[in-house]
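The following paragraphs lead the reader through one structure, beginning at its ligand and moving on to the protein chain. Please keep the sequence and the structure in view while reading.

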Amino acid sequence: MDQVVKVGLIGFGTVGTGVVKILQDNADVIARRVGRKVVLDKIADLDIATSRGITVPSEMLTTQVNDILDNPDIDIVVELIGGHEPAKRFILQALSQKKGVVTANKALLADHGEEIFEAAFKTQADLGFEASVGGGIPIIRSLTEGLAGNRLTSIMGIMNGTSNYILTRMTQEGRDFSDILQEASREGYAEADPTLDVEGIDAAHKLVIMVNLAYGTPLPMSAVYTEGIAKISTVDMTFAQELGFTIKLLGIAKCQDQVIEARVHPTLVPTESPIAQVHGVYNAIHLVGDAVGDIVLYGQGAGSLPTASAVVGDIIDLARNRIQESFSRVPATSFQWESRQPLAIKPMADIESRYYLRCMVKDEPSVLSTISGILGKHGISISSVLQKERKQGQPVPLVIVTHRSLERGMQSALHDINSLPIISEPTVFIRMEGTE
Ligand code: HSE
């Protein structure tokens with residue numbers, strides 16, 4: 001091996017620019033940690049004309065990805081273009097040539113992870129994807145190494161920086177969704193297609209990756225119940241606050257008796273809970289292990305340098321492995337490939353939760369008893385009720401918080417409630433966590 005480790009970067013966007021900056025600015029500490037210089041050899045992007053605000057030699061830039069993939073001197077390929085194709089093809093090609101691969105591509109790993117993990121296993125090439133979950137938070141390494149001695153019972157947290165940024169600003173400033181989303185895009189937090197952020201799909205991608213590593217099971221995206229933040233209004237944020245709660249978009253995975261429950265949805269969490277204190281682009285992932293107990297990992301979940309920090313951490317890991325000629329020491333899947341087994345998935349109807357309901361009702365006698373009667377008929381018990389003064393002739397919000405109930409019963413109750421003539425618009429319902 002040369003006395004340097006050579007890196008090829010595919011994708012010179014927000015995160016790619018951060019990677020180049022860290023490799024330049026921290027070259028000395030990286031070399032001292034690796035034992036050799038880690039040298040950026042080529043950067044491939046379709047656009048090599050636009051200034052990224054950093055200086056790179058012009059001969060380093062290419063529009064031809066094969067200048068990296070076919071270059072036998074390049075040890076590590078970093079894929080930061082995102083999306084399914086051509087990213088998958090580039091990664092498989094690099095792995096087949098036994099190059100180390102680093103990627104931040106959560107959509108690809110969530111949708112085609114099995115194919116890529118199998119390729120890494122068969123070629124015994126290293127695959128690093130720390131940046132795919134939680135931006136700068138070292139959650140992947142925590143799952144595959146630091147917490148590997150535990151049986152994990154749950155993974156829960158804020159896994160999408162953009163939606164947390166939007167919800168935080170809606171709560172603090174009472175502003176509407178769409179102009180805050182534009183700000184998140186300007187800051188480089190949002191996906192190229194921001195519907196992935198606001199519809200909860202990006203968080204679901206990350207949950208799939210974490211479940212895979214935590215429980216040694218493939219998990220299809222279709223197994224994750226996914227609901228985004230579009231239905232969240234400032235009205236519900238204000239009611240939630242009055243009741244002592246904050247609304248967050250949570251990813252939740254639980255494993256009991258070898259059955260996995262996995263879901264992403266807006267959630268009321270107690271305002272004094274640690275997860276409610278996570279603001280802006282920050283993520284927090286709360287894990288419970290049988291040995292370690294509770295552990296929370298917190299940090300910036302999106303953005304150029306935090307995400308690039310995770311990418312460079314992987315580059316260093318792979319560079320150290322290459323120097324030692326030790327590949328795949330830690331399996332990409334955390335569990336040894338042949339010991340993984342698909343676990344059963346709990347249907348959404350079987351989950352249990354507390355619920356926040358906001359019914360818009362005609363203010364008439366016996367409305368409350370009619371609605372509580374329906375809830376009771378479906379086995380749902382009420383914990384508290386909030387109703388505001390009426391405005392003449394207008395529907396009034398009736399806010400109900402329930403005790404822990406089965407989702408199946410809640411869905412049936414909602415159907416019955418929404419069919420009542422006293423209901424003027426579909427009832428808003430939001431699940432709750434962290435209480436009772
Ligand atoms: N769009 C993602 C987020 C980027 O907002 O969390 C980091 O994965």
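Where does the ligand sit? The ligand is placed in the largest pocket. Here a pocket is an open set of points on a 1 Å grid over the protein atoms alone, where a 1.4 Å probe fits, with protein on both sides within 12 Å along at least five of seven lines; a molecule sits in it if more than half of its atoms lie within 2 Å of its grid points. The model is predicted, so local features need pLDDT of at least 70 and side-chain atom pairs count only at pLDDT 80 or more, while totals for chains, interfaces and linings use all residues. Residues are numbered from 1 along each chain as its sequence is written, and side-chain values use heavy atoms, with hydrogens and water left out.

The shell around the ligand (residues with a heavy atom within 4 Å of it) includes Lys-106, Asn-160, Thr-162, Ala-190, Glu-191 and Asp-202. By class, this shell has 3 nonpolar, 4 polar and 5 charged residues; Asp, Glu, Lys and Arg count as charged, Ala, Val, Leu, Ile, Met, Phe, Trp, Tyr, Cys and Pro as nonpolar, and the others, Gly among them, as polar.

Polar contacts are pairs of N or O atoms within 3.5 Å. A backbone N or O atom of Gly-161 is 2.7 Å from an oxygen atom of the ligand. A polar backbone atom of Tyr-189 lies 2.7 Å from a ligand nitrogen atom, and a polar side-chain atom of Asp-197 is 2.7 Å from a nitrogen atom of the ligand. Taken alone, the ligand exposes 250 Å², of which the protein buries 93% (areas by the Shrake-Rupley method with a 1.4 Å probe). Helix H7 (161–173) and helix H10 (201–215) each give two or more residues to the shell; helices are DSSP runs of H or I with at least four residues, and strands are runs of E with at least two, numbered from the N terminus.

Side chains of opposite charge can pair when their charged atoms come close. The count of salt bridges comes to 30, each being a side-chain nitrogen of Lys or Arg within 4 Å of a carboxyl oxygen of Asp or Glu. Glu-114 forms one with Arg-340, with the closest N and O atoms 2.9 Å apart.

A cis peptide bond joins Glu-85 and Pro-86.

Note on methods: A polar contact is a pair of N or O atoms within 3.5 Å; within protein, one must be able to donate a hydrogen and the other to accept it, and residues adjacent in sequence count only if both atoms are side-chain atoms. On a 1 Å grid over the protein atoms alone, a cavity is a set of points where a 1.4 Å probe fits but cannot get out, and a pocket is an open set with protein on both sides within 12 Å along at least five of seven lines; lining residues have an atom within 4 Å of a point.
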